[in-house]
Amino acid sequence: MEQKIALIPGDGIGPEIVREAKKILDKVCEKYGHSFTYTELLLGGASIDVHGVPLTDETIEEAKKADAVLMGSIGGDAKTSPWYQLEPSKRPEAGLLKLRKSLNLFANLRPAYLYQELKEACPLKEEIIGDGFDMVIVRELTGGLYFGERKTIEENGVKKAIDTLTYNEKEIERIARKAFEIAGKRRKKVTSVDKANVLDSSRLWRSVVEEVAKEYPQITLEHMLVDNCAMQLVKNPGQFDVILTENMFGDILSDEASMVTGSIGMLSSASLNETSFGLYEPSHGSAPDIAGENKANPIATILSAAMMLRYSLNLDQEADAVEKAVQTVLTQGYRTPDIMSEGCTCVGTREMGDKIAEAID
Ligand code: IPM
Ligand code: MG
């Protein structure tokens, strides 16, 4: 099968982790007789350095021409990097948000799964971990506070900043439908997370989700307030199957969920539009403090590549093989520093990629 993949290495540890994910894709091609062609695109700080802006129109066009986009991470140290001297709309993160919006990637799927091998790295107590947990956060990605009007003004000599949180019924309906579809293939439970005791946008969210739920009688729906959800994630993570939530809440809860899986270095993600096209990226950031040191965990990016095989390229067997290889290497005891525990073998980014590539059969 011939496929066109756009690669966005990005900033910080991005190039290292994307290099390892490509190693895995090359191995998949070799084993299964596929041929993928790659185009490298600039985003974030890497694009600012060359073009002065974090995302160019050409990059958007090139991304659209691909069957899928695999991305590393963008951004730098806000205290020291010159990128953060630029006005907010020209900084690395603005490029990523514009890319998500331009490609209409409204559905962000972030699976958080506890590998038995990583129980040691999980900060929760044994009795809370229980039989482990396996959830998917379905985060709305192109609306809410991230894309509402914002400005900073001065009123009577006092500075005032305004961010606007809006959602319309259509935006809520399409992401809710995604969550119910996904739950249908899993344990058939959707927890819709909002702040309906305070926010109008959450009250609308709740009522639209309830309407959509009527079309999925086989799925159990529950509503949970976001503050309670933050607590439940560390109190009883096993209760969750699919968490459906808006953009900002999803950003926060997915970092929390990733930490209980042992490390944010394990959490993959897929950002999808209405078609099979998607952008795949780890949920973590660019970790500039360890960039270039061969310390970063490439697993979240490798698992994102597996999601790409599954969702955009329709290669389920190959996706299974990659996920199984990750499992095998963890069982063999190889760990990057972020998930290291006693008795295991600590390896670098490159070696972790080599081991996973070797384990693909
Ligand atoms: C994420 C990141 C981004 C977000 C940043 C880099 C803009 O934190 O993908 O979770 O907030 O969406
Ligand atoms: Mg985030």
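A pocket, as the word is used here, is an open set of points on a 1 Å grid over the protein atoms alone, with protein on both sides within 12 Å along at least five of seven lines. The structure described is a predicted model.

**Largest pocket**

The volume of the largest pocket is about 790 Å³. Its lining comprises 26 residues. Lying nearest the centre of this pocket are Pro111, Met307, Arg310, Tyr311 and Glu323. Two strands, S4 (107-113) and S5 (134-140), and two helices, H6 (169-184) and H10 (299-311), each contribute at least two residues to the lining of the largest pocket. Sorted by class, that lining holds 14 nonpolar, five polar and seven charged residues.

**Ligand 1**

Ligand 1 takes up the space of the second largest pocket. Around the ligand stand Glu93, Arg100, Arg110, Arg139, Tyr146 and Asp251. Five residues of this shell are charged and one is nonpolar, while no polar residue is present. The nonpolar member is Tyr146, because Tyr is counted in the nonpolar class.

Three residues of the shell place a polar side-chain atom at a short listed distance from an oxygen atom of ligand 1, as the table gives.

| Side chain | Partner | Distance |
|---|---|---|
| Arg110, polar atom | oxygen atom of ligand 1 | 2.8 Å |
| Arg139, N or O atom | oxygen atom of ligand 1 | 2.9 Å |
| Asp251, polar atom | oxygen atom of ligand 1 | 2.9 Å |

On its own, ligand 1 has 320 Å² of accessible area, and the protein covers 78% of that area.

**Cavity**

How many cavities of 30 Å³ or more does a search of the whole structure find? The search finds one. The space in the largest cavity amounts to about 50 Å³. Its lining is made up of Leu165, Tyr167, Val193, Asp194, Leu199, Ser201, Ser202, Trp205, Glu246 and Phe249. Strand S8 (189-194) and helix H7 (200-213) are the elements that give two or more residues to this lining. Which of the elements gives the most to the lining of the largest cavity? Helix H7 does, with three residues. Ser201, Ser202 and Trp205 are the lining residues that fall within the range of H7 (200-213). Val193 and Asp194 fall within the range of S8 (189-194). By class, the cavity lining divides into six nonpolar, two polar and two charged residues. The charged residues are Asp194 and Glu246, because Asp and Glu are both counted as charged. Ser201 and Ser202 make up the polar part, because Ser is in neither the nonpolar nor the charged class.

Notes
Residues are numbered from 1 along each chain as its sequence is written. Chains are lettered from A and ligands numbered from 1 in the order in which they are written. This is a predicted model: local features need pLDDT of at least 70, side-chain atom pairs count only at pLDDT 80 or more; totals for chains, interfaces and linings use all residues. Side-chain values use heavy atoms; hydrogens and water are left out. A residue is near a molecule or strand if one of its heavy atoms lies within 4 Å of it. A polar contact is a pair of N or O atoms within 3.5 Å; within protein, one must be able to donate a hydrogen and the other to accept it, and residues adjacent in sequence count only if both atoms are side-chain atoms. Accessible areas come from the Shrake-Rupley method with a 1.4 Å probe; for residues, only the protein chains shown count as cover. On a 1 Å grid over the protein atoms alone, a cavity is a set of points where a 1.4 Å probe fits but cannot get out, and a pocket is an open set with protein on both sides within 12 Å along at least five of seven lines; lining residues have an atom within 4 Å of a point. A molecule sits in a cavity or pocket if more than half of its atoms lie within 2 Å of its grid points. Grid points are joined across faces, edges and corners, and a volume is the space filled by probe spheres set on the points. Helices (H or I, at least four residues) and strands (E, at least two) are DSSP runs, numbered from the N terminus.
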